[in-house]
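Please look through the sequence and the three-dimensional model that follow before reading on. The paragraphs after them begin with a single pairing in the sheet and then widen to the chain and its pocket.

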Amino acid sequence: MKKSYCRHNSSVDNNLHTTAICPDVILAYTEGLHGKWLFTEIRAIFSRRYLLQNTAVEIFMANRMAVMFNFPDAATVKKVVHSLPRVGVGTNFGLPQTRRISLATPKQLFKAANMTQRWQRREITNFEYLIFVNTIAGRTYNDLNQYPVFPWVITNYDSDELDLTLPSNFRDLSKPIGALNPKRAAFFSDRFESWEDDQVPKFHYGTHYSTSSFTLMWLLRILLPITTNDHADRTFSSVSRAWRNCQRDTSDVK
C-alpha cells in the first residue's frame with residue numbers, strides 16, 4: 001500500500017511557514033523545517049490566522065507534535081484542508097470529524113463543542129477547559145504572537161501558605177486587569193475621554209497583553225538563566241513582582 005505524506009521543504013516554497021514543537025528531539029525547530037509526516041498520523045486539523053490573516057493551518061499529529069503552515073490566501077487553505085484526511089479538530093471536543101469543522105470559526109467551534117457543559121459538570125479541570133478555549137480561539141505554541149494565555153486568578157503570591165477560603169486571595173474576574181486598580185482605571189478613562197489626536201483614535205490601553213515580545217519575556221527567563229541590563233519593570237524576576245506591576249504600571253496589562 002502506498003503511504004501518503006504531509007511534506008514540506010522550505011527551500012522549495014518560501015511562502016510556506018512552519019514550526020514544530022517536539023521536546024524529545026534535539027534541535028526540534030530545525031528538524032521541523034524539513035520533514036514529512038504520514039497522513040495516517042494526523043489527528044486534528046485547525047484553520048488558523050497568521051499575521052491577522054486567515055491563511056494558516058495547524059496540524060496535530062499522533063505523537064502530540066503540532067505543525068503550522070502559512071499559505072498565500074484563504075482559498076489555498078480550503079484546498080489544503082480538503083486534500084488532507086477528514087479528521088476535523090480531533091475527538092476531544094465532542095465535534096464531528098469533518099472538513100467543515102476544520103474550517104469552522106472559533107465562535108462556531110465554541111458553540112458546537114460540549115466542553116463548557118463538561119466543565120460545568122466538573123468532568124474536566126479548569127486547566128483543560130482553558131486549554132480548549134485557547135486552542136479553538138487560534139492560540140498556539142507555534143506563533144509567539146498568539147501564544148496561549150491564562151488569566152491571573154490568585155492575588156497573594158507572598159504568603160508561605162495560601163488560604164483558598166479567603167475571598168481576598170482571589171482577583172475580581174468580572175473586570176479586566178486594567179480596571180482592577182481604581183486609580184489606574186480612572187487614569188485610563190480620563191485619557192480616553194480627553195484624547196485629542198487627528199491621527200490616533202481614542203484608546204484606553206496603550207499596550208496589549210499578548211505579543212511576541214511579552215511571550216519571550218516570560219519564556220527567556222524560564223529557559224535561560226541570563227542577566228540583562230534592560231529596564232527593571234520590563235524583565236521577569238518573579239510572579240509576585242509581575243502581578244504587582246500589572247496592577248500599577250500604566251503600560252503593563254499583561
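**From one strand pairing to the whole chain**

A56 stands opposite N70, which belongs to strand β5. In this predicted model, that pairing is part of a longer contact between neighbouring strands, for β4 and β5, the latter spanning residues 66–70, run antiparallel and are joined by 5 bridges. The two strands make a hairpin in which 4 residues lie between them, and within that turn R64 adopts a positive phi of about 75 degrees.

On the N-terminal side of β4 there is another hairpin to follow. Strand β3, residues 42–50, is paired with β4, residues 53–61, again in the antiparallel sense, and 7 bridges hold this register. One of the pairings can be located by finding I45, whose bridge partner in β4 is I59. Here 2 residues separate the strands of the hairpin, and L51 in the turn has a positive phi of about 55 degrees. Strand β4 is thus a partner of β3 and also of β5. When tracing these strands in the model, it helps to remember that in a regular strand side chains point alternately to one face of the sheet and the other.

How do the strands and helices follow one another along the sequence of the protein chain? The order is β-α-β-β-β-β-α-α-α-α-α-α-α-α, made up of 5 strands and 9 helices. Of the 254 residues in the chain, 33% are buried, and the accessible surface amounts to about 16,600 Å², with carbon and sulfur atoms accounting for 55% of that area. If contacts are restricted to residues at least 6 apart in sequence, 46% of them connect residues that are at least 24 apart.

The remaining feature to examine is the largest pocket, whose volume is about 1,200 Å³. Its lining consists of 34 residues, among which P148, V149, F150, P151 and W152 are the closest to the pocket centre. Two elements, α6 (126–136) and α8 (212–223), are those that give two or more residues to this lining, and α6 gives the most, with 6 residues. Sorted by class, the lining holds 25 nonpolar residues alongside 6 polar and 3 charged ones.

Methods:
Residues numbered from 1 in each chain as written. Predicted model: local features only at pLDDT ≥ 70, side-chain atom pairs only at ≥ 80, totals over all residues. Heavy atoms only, no water. 1 Å grid on protein atoms, 1.4 Å probe; cavity = no way out; pocket = protein on both sides within 12 Å on 5 of 7 lines; lining within 4 Å. Points joined across faces, edges and corners; volume = space filled by probe spheres on them. Nonpolar A, V, L, I, M, F, W, Y, C, P; charged D, E, K, R; others polar. Buried < 20%, exposed > 50% of the residue type's maximum accessible area, 1.4 Å probe, protein only. Contact = heavy atoms within 4.5 Å. Areas by Shrake-Rupley, 256 points an atom, 1.4 Å probe, with all protein chains shown as cover. Pairing = 2+ DSSP bridges.
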